[in-house]
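Colleague: I'm new to this one. Could you put it up and walk me through it?

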Amino acid sequence: MSVIEGKELRIIGFLCNWCSYAGADTAGVGRFAQPTDLRIIKLPCTGRINPLFVVRAFMNGADGVLVSGCHPRDCHYSEGNFYARRRLEVLKALLPVLGIDPGRFEYTWVSASEGQRWRTVVTSFTEQIHALGPMPTFAAGTCLDACLHQAF
Amino acid sequence: MASPIEELKTAIRQALPDLDMVIAWTAGPDSLSHTPLFITDAADIERIEWDSRCSQNLAGYLTSLRGKKVGIVAKGCDARTIVELLQEKLIDREDVTIFGLHCQGAVDARKVRTELKVGRGVQGVTIDGGAASFAVNGETQTARLGQVLQEKCFRCTGADAEVCDHFIGEHGQPPQVDDAPVSTLDMLEAMGMEDRLHFWEDQMTKCIRCYACRSACPLCVCQDHCAAQSRDPHWVDQTDHPREKLMFQALHALHTAGRCTECGECERACPMDLPIMTLKQALNRQIKDIFDYQAGTDPDKTPPLFQFREEEEHIKERKW
């Protein structure tokens, strides 16, 4: 995943197909200027999100992860986002114990018509991640790591 | 009045004719930790042992014995695991006979070896007040509970098996430990984020990926379908890197979120002595705060991640 060195960070956005992805589209159609650090992964529903998606994203070098879906009671599948809310709240307790700043992960709700709100969310979340800077990495890596880099 | 162990043997002797098997503890090759005993023959009842060396949570065997009539001896934390298995419908209440006990705390064999330099020949352990006495070769060695108990016992939420068919002995309180060492979770919380990451890097570098934590966990019930072995999706790769090992620990913690009863088997089984229950404790604390729920306390309750409320009382969503 290439980033513009010194300007961009790696931010992953997991968006539901029905609301937030369409909301991001609305923001694009409305030509709202937005930061470009966010990479979007479209999912059928926030209920599809395994909290491990977020952990795996951080382990693979993401600097921030944003989850966005339909507002509660507006879920296309009625209850996916209710389950997601519980799971993601629990995840919030795990990240700081692992050493991942809790500010690097947020979840929110943006509907298909809320292009303006989507811009606000992306802008403030990107600012928040830039304030935290790049995600700290493991100090040295292992010996094997060094060998692998030489071999490939 | 008979001692708890005699009372336990009598109760098992009475119940055994109606059961296929009773699982209890007996003396094993290691004099500091008792080993499971699977009783089908009444003659084996005499071999039962019960004291603070009975660490292993026997509830881990119940899922694989489903369909049989099984009796099981349980401490407070073991009984909570059984309740959790009942809640998840992984075992059937009518098939399980629980012999509940009051636990005075379980000794950590590793700590005893380092603190007391005692390895072999421990004949008995008694816990009285804030101290544990070990009978070794005719002598008695004493240690403070904070030095020799397992870490889980310092945060014990109930030493008695609350849900059981036969309660053996007398009810009591969890061990009173006034010199408990600082828990890893508290220690981590006093550290900065980057230091925490490096703490786990150091710990995970020691991990040999034996997956004993998973094998010992009574709630790891996926068996051949563990996500750690899956290639599609490829959750964890086989590289010898602390990141992948930490990923597995995160996976284990999240798969037991809202289910883990903190029986401590993951840490006890770990040959590298890694503080891996810390992650599960952090999740449990959050679950207690936002859902007011503790795993394994009520067989009729639904675990919090198996349900939801439209209005969550304690969840404060971010306003942008």
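Modeller: Sure. One bit of vocabulary before we start: Ala, Val, Leu, Ile, Met, Phe, Trp, Tyr, Cys and Pro count as nonpolar, Asp, Glu, Lys and Arg as charged, and the others, Gly among them, as polar. Also keep in mind that this is a predicted model.

Colleague: Okay, let's use those classes. How do the residues lining the largest cavity divide into nonpolar, polar and charged?

Modeller: The lining of the largest cavity has twelve nonpolar residues, one polar and two charged.

Colleague: What volume does the largest cavity have?

Modeller: About 140 Å³. There are 15 residues around the largest cavity, and B:Cys207, B:Arg209, B:Tyr211, B:Cys213 and B:Gln249 lie nearest its centre. Two elements of chain B, H7 and H8, give two or more residues to that lining. H8(B) has the largest share, with three residues.

Colleague: How many cavities of 30 Å³ or more are there?

Modeller: Four. The second largest cavity holds about 110 Å³ of space. It has 15 lining residues, and the closest to the centre are B:Cys217, B:Pro218, B:Cys260, B:Cys263 and B:Cys266.

Colleague: Which elements supply at least two residues of the lining of that second largest cavity?

Modeller: H9 and H10 of chain B each do. By class, the lining of the second largest cavity comes to seven nonpolar, five polar and three charged residues.

Colleague: Now the open spaces. How much space lies in the largest pocket?

Modeller: About 840 Å³. The largest pocket is lined by 37 residues, and B:Leu219, B:Cys220, B:Val221, B:His255 and B:Arg259 are the closest to its centre. Both chains take part: helix H3 (80-98) of chain A gives two or more residues to the lining, and so do helix H7 (212-216), H8 and H9 of chain B.

Colleague: Which element gives the most to the lining of the largest pocket?

Modeller: H8(B), with five residues. As for classes, the pocket lining has 19 nonpolar, eleven polar and seven charged residues.

Colleague: You mentioned B:Arg259 by the pocket centre. Which side chain does B:Arg259 meet in a salt bridge?

Modeller: That's B:Glu88, at 2.8 Å from N to O. B:Arg259 sits in the loop between helix H8 (242-255) and helix H9 (265-269) of chain B, while B:Glu88 is in the loop between helix H2 (76-87) and strand E4 (96-100) of chain B, so the pair ties together parts that are 171 residues apart in sequence.

Colleague: Are those two buried or exposed?

Modeller: B:Arg259 is buried, and B:Glu88 is too.

Colleague: Why do side chains like that pair up at all?

Modeller: Side chains of opposite charge can pair when their charged atoms come close.

Colleague: How many salt bridges are there over all chains?

Modeller: The count comes to 28. Another one in chain B joins B:Asp273 and B:Arg110, at 3.6 Å from N to O. B:Asp273 is in the loop between H9 and helix H10 (277-291) of chain B and B:Arg110 is in helix H3 (residues 109-116) of chain B, so this pair ties together parts that are 163 residues apart in sequence. B:Asp273 counts as partly exposed because its relative accessibility is 47%, and B:Arg110 is partly exposed at 26%.

Colleague: Got one in chain A for me?

Modeller: Yes, A:Glu8 and A:Arg39 form a salt bridge at 3.4 Å, N to O. A:Glu8 comes in the segment before strand E1 (11-16) of chain A and A:Arg39 in strand E2 (residues 38-43) of chain A, 31 residues apart.

Colleague: Why does A:Glu8 count as buried?

Modeller: Because its relative accessibility is 11%, and buried means under 20%. A:Arg39 has a relative accessible area of 22%, so it is partly exposed.

Colleague: Let's zoom out. How many helices and strands does chain B have?

Modeller: Ten helices and eight strands. The radius of gyration of chain B is 20 Å, close to the 20 Å that the globule rule gives for 320 residues, so chain B is as compact as a globular protein of that length. Along the principal axes, its C-alpha atoms fill a box of roughly 65 × 45 × 40 Å.

Colleague: What share of the residues of chain B count as buried?

Modeller: 53% of the 320. And among chain B contacts between residues at least 6 apart in sequence, 67% join residues at least 24 apart.

Methods: Residues numbered from 1 in each chain as written. Chains lettered and ligands numbered in written order. Predicted model: local features only at pLDDT ≥ 70, side-chain atom pairs only at ≥ 80, totals over all residues. Heavy atoms only, no water. Salt bridge = Lys/Arg side-chain N within 4 Å of Asp/Glu carboxyl O. Helix = DSSP H or I, 4+ residues; strand = E, 2+ residues; numbered from the N terminus. Buried < 20%, exposed > 50% of the residue type's maximum accessible area, 1.4 Å probe, protein only. 1 Å grid on protein atoms, 1.4 Å probe; cavity = no way out; pocket = protein on both sides within 12 Å on 5 of 7 lines; lining within 4 Å. Points joined across faces, edges and corners; volume = space filled by probe spheres on them. Rg over C-alpha atoms; globule rule 2.2 N^0.38 Å. Contact = heavy atoms within 4.5 Å.
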